[in-house]
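Here are my notes on the model you sent over. Have it open while you read, and go through the points in order.

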Amino acid sequence: MREFFPSAPAQQRGSFAMLAVLLLLIVVALALRYLMLTTQASTYSATVAHESMRAAALADSGAEVALARLQAALQKNSANSTSDCNVSTLGSGQQAVSPVGSYELSVLPLAESGVPRLCDPGGTAPVCRITITGRAGDATRTLATDVGFCINPQKESGKSGVGGSASNPILYSITARGKAVMLMNIAYRISDKGNASAGTCQRTDTQVSCQNAWELETNPGGTGSIGAIAQVVSSATGGDFGVSQLLWKKNTTQSEEREYAGVGGIFEGSEVSYIGEYHGDTTKSNNGATAGKILVGSPFISSCATADTLVFNVSARAVAVTDHLTRVSFNGVDMTLLQRYYNLPATDGLYSEIWYVHRPGGIASLFTVGADTPFTVLPNHSTSSWQWGGGFLCLKGVDPTSIRGIGYGWQPVYWWEPL
């Protein structure tokens with residue numbers, strides 16, 4: 001007789017199949033859970049890494065902002081000043097940088113000297129320690145930098161504003177390391193108050209007068225016209241001293257304030273001396289011109305036969321901070337930019353620049369024998385109606401490693417990357 005119910009082994013085969021399916025489901029669930037956790041961990045790691053990078057970038061940006069404010073501070077032309085290293089100058093507290101995060105700044109003036117000798121030969125300059133903490137999400141990164149007070153300023157530095165009167169003279173603070181010659185160039189506006197002449201220029205410590213190299217005007221009295229004054233100051237020994245400059249009304253001895261921009265260069269050496277200057281028709285009243293020449297037979301050429309450094313002082317009109325000279329070439333030889341500075345009021349802006357070339361064997365070879373010596377300027381100007389005027393000076397006995405701009409500034413000394 002045939003049995004109705006299956007045998008026990010057949011029932012067991014069904015149970016085993018169901019158990020296998022359950023086990024498979026458990027394994028798949030665990031695998032999916034593992035993959036989800038791995039994805040979450042990877043996403044979190046990527047987020048943390050991204051936030052950490054953003055925090056580091058915020059800290060670095062905050063340090064750059066603080067450094068820019070420090071270099072632009074009002075006291076940067078005062079020797080050994082720590083007054084710039086404070087939260088009121090550089091900003092404090094948490095600075096939001098929407099939407100990426102924030103940074104927080106703290107500053108500390110340091111008494112110890114840590115400024116390189118090139119900037120601070122006396123070893124007495126102060127240091128400003130700037131600490132920036134960047135925050136992005138849950139990540140924080142901290143950056144610290146020490147910035148020293150330096151007598152070797154950036155090329156884009158000088159003095160500008162409204163000045164030149166007896167009650168508000170143009171003042172420079174100078175540190176000479178030894179015997180030195182200082183060349184100073186002032187660009188000033190003449191269209192609003194008429195032409196001017198070089199007024200009193202003297203050292204404030206010994207009352208020794210400066211030597212005027214030239215005073216000239218471009219397109220006298222016309223729109224956009226610029227005045228240019230070049231002066232020379234000498235120092236027999238090293239030390240700190242000031243220079244005071246006035247601007248006089250034309251053909252008078254009455255000082256008067258006007259818009260100006262000034263730059264200066266220091267040239268040192270144990271036997272350094274100022275030889276002479278040249279300015280003529282092709283170095284002044286240039287309305288958009290890019291070329292000029294020193295006339296053959298000029299006494300400047302023969303007097304500079306023993307010189308080793310040629311300097312070009314130029315004053316020019318500007319309407320934007322991008323307006324400047326990008327190249328000065330003297331008889332095919334490129335000169336080096338030493339200093340540049342702007343004054344950009346609402347109208348009739350101006351800038352002042354100093355360029356130079358040093359030749360240890362002498363600059364006589366730069367002049368064309370028996371013919372005029374050409375020079376060219378390459379402007380980067382937003383308008384073709386710019387005007388410029390200037391001239392050349394020569395010196396001998398210059399130590400090429402000593403050449404620097406007049407003024408003071410803050411420069412990074414030590415830099416710690418974010419931790």
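**Notes on the sheet, the strands and the surface**

1. Let's start in the middle of a sheet: S17 and S21 run antiparallel to each other, with six bridges pairing them. One contact to look up is Ser-329, whose bridge partner in S21 is Thr-376. Keep in mind that this is a predicted model.

2. Ser-329 is worth a second look from the other side. Strand S17, residues 324-330, also pairs with S18, again in the antiparallel sense, this time over two bridges. There, Ser-329 has Asp-334 of S18 as its bridge partner. So that I don't leave the general point out: side chains in a regular strand alternate between the two faces of the sheet.

3. On the far side of S21 (residues 373-380) comes S15, antiparallel to S21 and joined to it by four bridges. If you want a residue pair to click on, Gly-292 has Phe-375 in S21 as its bridge partner.

4. Put together, these four strands make an open sheet, ordered S15-S21-S17-S18, with antiparallel pairing. Which strands stand at the edges? They are S15 (291-294) and S18 (333-334); each has a single partner strand, so one side of each has no neighbour in the sheet.

5. Next, a separate pairing. Strand S19 (residues 336-343) runs antiparallel to S20 (residues 349-358), and seven bridges join them. Leu-337 sits opposite Trp-355 of S20. Is S19 mostly buried or exposed? Six of its eight residues are buried, so the rest of the structure largely encloses this strand.

6. Now for the surface. Phe-16, Leu-19, Val-21, Leu-22, Leu-23, Leu-25, Ile-26 and Leu-30 make a nonpolar patch of about 820 Å². Leu-19 belongs to helix H1, which covers residues 8-71. With a relative accessible area of 44%, Leu-19 counts as partly exposed, because that value lies between the 20% and 50% cut-offs.

7. Finally, the overall numbers. The protein has three helices and 24 strands. Of its 419 residues, 46% are buried. Its exposed area is about 19,600 Å², with carbon and sulfur atoms supplying 57%. Looking at contacts between residues at least 6 apart in sequence, 79% of them join residues at least 24 apart.

Terms used: Residues numbered from 1 in each chain as written. Predicted model: local features only at pLDDT ≥ 70, side-chain atom pairs only at ≥ 80, totals over all residues. Heavy atoms only, no water. Buried < 20%, exposed > 50% of the residue type's maximum accessible area, 1.4 Å probe, protein only. Contact = heavy atoms within 4.5 Å. Areas by Shrake-Rupley, 256 points an atom, 1.4 Å probe, with all protein chains shown as cover. Pairing = 2+ DSSP bridges. Patch = residues over 30% accessible without salt bridge, like charges linked within 9 Å, V, L, I, M, F, W, Y side chains within 5 Å. Salt bridge = Lys/Arg side-chain N within 4 Å of Asp/Glu carboxyl O.
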